Amino acid sequence: MAGTNPRSTACKPASWGAELYLTLLDASDVGVITIDQNRTIMFWNSWMEKASDHKANDVIGKTLGDVFGDAIPTRLHNAIRDCLSLGMPAMISPSLNKSVLPLRPLPQFAEKFPQMQQSIRIQPVRIAQSTQLCSITVRDVTLAVQRDQLLRRQAAELAELVTKTRRSEDRTRAILQNTIDAILVASEDGTLEPLNARAQELCGPQGDPEIKNIIRFLLPDSGNTPPPKPPSDRLLTDLGTGVIEILACPANGHNIPLEVAISHFTAYGRYHYIITLRDISQRKRHELEIQNTMQELENSNAELEQFAYAASHDLQEPLRMVSSYTQLLARRYKGKLDDTADEFIHYAVDGTRRMQRMIDDLLTLSRVGRHGKPFQAVPLAGLFDAIEANLKRADAAPAGNIMRAPDLPMVMGDPSQLLQLFQNLVSNGLKYSNPEHAEVRISAREFDSFWRISVSDNGIGIDPQYHASIFEIFKRLHGYGEYAGTGIGLALCKKIVERHGGNIHVESAPDEGSTFHVDLPKDHSVV
């Protein structure tokens with residue numbers, strides 16, 4: 001029949017009103033399905049055609065199982081059964097992203113949702129006294145599900161953030177309460193608030209009532225009416241030094257030295273200060289112990305230097321007496337006694353001479369710290385000119401044996417002690433080398449904070465196991481018959497370098513020569 005709605009073959013409208021009703025259902029923005037008692041489809045509107053890709057003519061007269069197969073969930077089958085047999089309505093909402101019917105979502109949701117999220121309403125419809133149909137209304141709720149998921153995710157994130165914030169606050173509160181430092185916060189008007197238990201102890205009733213006034217005085221901006229300056233015995237350091245130390249006097253009578261640190265921050269448009277008070281009682285005790293130890297060490301060194309000076313000085317007179325009479329015996333009785341007597345006299349004279357040199361060197365060593373001169377700029381080129389002249393006068397340095405770099409720097413130091421230092425190193429380099437081809441080279445290298453002056457020779461070298469011990473007093477690696485000397489020369493060099501705030505060390509190996517490095521600071525005070 002022309003003009004009939006193809007989406008329904010069982011319903012034959014007898015009037016224009018029925019045709020209008022079917023047209024409205026077909027144009028609805030929800031899916032509409034009508035099912036008869038045999039579970040076959042009687043009506044299938046345009047919305048269902050688009051969502052399912054099944055035309056009305058292809059599904060009319062078939063069951064939902066014929067159209068969608070096993071994709072129809074049990075809960076929908078049961079709801080249709082109850083509706084047709086018992087007249088019971090039902091409502092099926094989406095849950096856990098599970099669709100009811102396998103319908104295609106709109107393009108904007110296709111990436112996230114493989115199937116349309118649906119809300120299905122099942123309603124019994126009676127069209128005659130004994131004819132009951134089942135009307136199924138399918139509504140696309142994908143957007144609502146997406147919003148619900150977003151809200152749930154945001155709620156979960158917010159809950160997690162709240163939990164983290166609470167944990168952070170609890171952790172911060174626990175840290176504040178258990179820290180050994182007292183922490184306070186001050187506002188612009190000077191109001192102080194203790195933030196932890198230690199601050200309450202220091203500023204509370206059992207603490208020091210003057211602490212808050214001292215802190216207000218120390219704040220960078222104390223307002224138009226700053227508090228009065230605390231007593232001098234409460235400020236342990238000058239305010240201009242950058243380190244603030246104060247003395248707290250709690251009610252228990254045990255005074256506590258405190259280090260004060262002040263920082264600032266802005267919150268809610270207001271300026272605040274964080275004040276940290278650290279108990280430095282233990283540090284003060286350690287500082288006092290170090291000062292006492294240093295003083296004892298200085299006193300001990302002074303006593304040792306005094307003893308060395310007095311001993312070496314006082315030994316001069318009896319030694320001169322022994323030396324004079326042994327030399328007199330050698331001159332008067334040489335050749336008049338037997339050979340053994342001459343040998344004994346020779347040993348006595350030689351021993352007194354060595355003792356004289358050792359006492360002289362010991363006296364020189366003791367004078368390094370006692371009779372040093374003020375530091376001044378010393379040009380090393382001129383210093384080594386004087387050293388070469390001294391060695392030539394002593395006939396200890398043939399021409400050309402000492403080679404210098406052309407760019408020797410100027411250093412700060414005691415000129416006479418630096419002359420003695422480098423003359424000892426140069427003469428040692430010549431002494432422990434073959435006289436026929438002995439060479440000593442002097443060079444300099446600049447570092448950030450010091451100059452390194454190096455004295456190298458091509459002599460017999462030094463075994464690495466002795467690199468440290470050769471700087472000890474009276475330390476000799478060879479017998480008196482092999483090389484002259486008292487064993488004090490390098491100890492004297494070390495003491496001179498230490499007085500200049502520097503360092504001396506050697507690089508050497510047997511038969512490969514030696515290089516002594518002297519590091520002299522560019523800036524230092526007189527020791």
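Two strands are taken to pair if DSSP finds at least two bridges between them, and in this predicted model that criterion is met by strand β6 (residues 182–186) and β7, which are joined by three bridges and run antiparallel. Within this pair, V185 stands opposite E193 in β7. Strands of a sheet pair through backbone hydrogen bonds, either parallel or antiparallel.

The pairing of β6 with β7 belongs to an open sheet of five strands, in which the order is β7-β6-β10-β9-β8 and the pairing is antiparallel. The edges of this sheet are formed by β7 (192–194) and β8 (244–248), each of which has a single partner strand, so that one side of each is left without a neighbour in the sheet. On average, and with direction ignored, neighbouring strands of this sheet are turned by 35 degrees against each other. Helix α8 (residues 211–218) lies across β6, β7, β8, β9 (256–267) and β10 (270–279), and the helix runs at about 165 degrees to β8.

Further antiparallel pairing is found among β3, β4 and β5. Strand β3 (residues 90–92) pairs with strand β4 (residues 118–126) in the antiparallel sense over three bridges, and the bridge partner of A90 in β4 is I122. Strand β4 is in turn joined by nine bridges to strand β5 (residues 132–140), again with the two strands running antiparallel; here the bridge partner of I120 is V138 in β5. The connection from β4 to β5 is a hairpin through five residues.

Another open sheet of five strands has the order β12-β14-β15-β17-β16, and its pairing is mixed. Its edges are occupied by β12 (402–404) and β16, and because each has a single partner strand, one side of each is left without a neighbour in the sheet. The twist from one strand to the next averages 20 degrees. Within this sheet, strand β14 (residues 440–446) and strand β15 (residues 450–457) run antiparallel and are joined by seven bridges, with D457 in β15 serving as the bridge partner of V440. Helix α11 packs on the sheet, where it touches β12, β14 and β15, and the direction of α11 makes about 175 degrees with that of β12. Helix α13 (residues 489–499) also packs on the sheet, touching β16 and β17, with a direction that makes about 135 degrees with that of β16.

Both of these helices also pack against α12. Two packed helices are described by the angle between their axes and the distance between the axes. For helix α11 (residues 380–393) and helix α12 (residues 415–431), the angle is about 55 degrees and the axes lie 10 Å apart. An angle that is neither under 35 degrees, nor over 145, nor in the range of 65 to 115 counts as oblique, and α11 and α12 are therefore oblique to each other. Their crossing is right-handed. On the α11 side the contact involves L380, L383, F384, A386, I387, N390 and L391, which meet P415, L418, L419, F422, Q423, V426, S427 and L430 in α12. Sorted by class, the residues in the contact of α11 with α12 comprise 12 nonpolar, three polar and no charged residues.

The packing of α12 with α13 is described in the same terms. These helices pack at an angle of about 145 degrees, with their axes 9 Å apart, and α12 passes α13 in a left-handed crossing. The contact is made by Q417, Q420, L421, N424, L425 and N428 of α12 together with G489, L490, L492, C493, I496, V497 and R499 of α13. By class, the contact of α12 with α13 has seven nonpolar, five polar and one charged residues.

Finally, the backbone was examined at two loop positions. D53 lies in the loop between α2 (46–52) and α3 (56–59), and its phi is near 65 degrees, a positive value in a residue other than glycine. Because its relative accessibility is 58%, D53 counts as exposed. D511 is found in the loop between β16 (503–508) and β17 (514–521), and the phi of D511 is likewise positive, near 65 degrees, in a residue other than glycine. With a relative accessibility of 70%, D511 also counts as exposed, the cut-off for this class being over 50%.

Definitions and conventions: Residues are numbered from 1 along each chain as its sequence is written. This is a predicted model: local features need pLDDT of at least 70, side-chain atom pairs count only at pLDDT 80 or more; totals for chains, interfaces and linings use all residues. Side-chain values use heavy atoms; hydrogens and water are left out. Axes are lines fitted to C-alpha atoms, for helices over the stretch in contact, and angles run from 0 to 180 degrees between N-to-C directions. Helices (H or I, at least four residues) and strands (E, at least two) are DSSP runs, numbered from the N terminus. A crossing is left-handed if the near helix is turned anticlockwise from the far one by less than a right angle, and right-handed if clockwise. Contact means heavy atoms within 4.5 Å. Ala, Val, Leu, Ile, Met, Phe, Trp, Tyr, Cys and Pro count as nonpolar, Asp, Glu, Lys and Arg as charged, and the others, Gly among them, as polar. Buried means under 20% relative accessible area, exposed over 50%, partly exposed in between (1.4 Å probe, protein chains only).
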